[in-house]
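Biologist: Before I go back to the bench, could we go through this model together, one question at a time?

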Amino acid sequence: TNPGLEERNLSEWSRRLTQALQILDLEVDHKMLVDLAEESSDNVGPHAGLVSTFLVGYAAGLSKTSGRKAADEAVQTAADTVFELAAKGWEDSAQ
């Protein structure tokens with residue numbers, strides 16, 4: 001696949017989704033989300049990437065944030081947590 005074309009498609013899709021969902025103040029970090037999904041899937045299982053990215057978004061949404069910088073920080077904080085858990089492997093991090 002063509003990485004430039006894929007990035008343009010992701011950017012267009014994100015723009016459409018953020019408009020439709022009325023979340024106009026968030027800059028989507030595609031590379032981070034793709035890396036997160038791949039690492040989760042590789043270390044946990046084939047569908048772990050989908051679940052991980054959803055939960056990052058949900059956790060960030062639950063954070064009390066205002067303004068784009070705070071929203072971006074909430075996403076990054078949640079993503080960092082998932083990256084850490086995925087790197088350890090899910091079996092070692094169960095509580």
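Biologist: Is Asp35 buried, partly exposed or exposed, and what is its relative accessible area?

Modeller: Please keep in mind that this is a predicted model, in which local features need pLDDT of at least 70, side-chain atom pairs count only at pLDDT 80 or more, and totals for chains, interfaces and linings use all residues. Residues are numbered from 1 along each chain as its sequence is written, and side-chain values use heavy atoms, with hydrogens and water left out. Buried means under 20% relative accessible area, exposed over 50%, and partly exposed in between, with a 1.4 Å probe and protein chains only. Asp35 therefore counts as partly exposed, its relative accessible area being 27%.

Biologist: Which residue forms a salt bridge with Asp35?

Modeller: A salt bridge here is a side-chain nitrogen of Lys or Arg within 4 Å of a carboxyl oxygen of Asp or Glu. The partner lies four residues from Asp35, about one turn away, in helix α2 (residues 30–43), where helices are DSSP runs of H or I with at least four residues, numbered from the N terminus. With the closest N and O atoms 2.8 Å apart, the partner of Asp35 is Lys31.

Biologist: How many salt bridges does a search of the whole structure find?

Modeller: One of them joins Glu84 and Lys88, whose closest N and O atoms are 3.4 Å apart. Glu84 and Lys88 are four residues apart in helix α4 (residues 68–88), so about one helical turn separates them. For the whole structure, the search gives a total of four.

Biologist: Which residues are linked with Arg15 in a network of salt bridges?

Modeller: The side chain of Arg15 meets that of Glu12 at 2.5 Å, N to O, and because these two are three residues apart in helix α1, about one helical turn lies between Arg15 and Glu12. In general, an α-helix has 3.6 residues a turn, so residues three or four places apart point the same way. Arg15 is partly exposed at 37%, and the network links it with Glu12 and Arg16.

Biologist: Which residues does Ser14 touch, not counting residues up to four places away in sequence?

Modeller: Ser14 has its place in helix α1 (residues 3–20), and with a relative accessible area of 14% it is buried. Contact means heavy atoms within 4.5 Å. Leaving aside residues up to four places away in sequence, Ser14 touches Val28 and His30.
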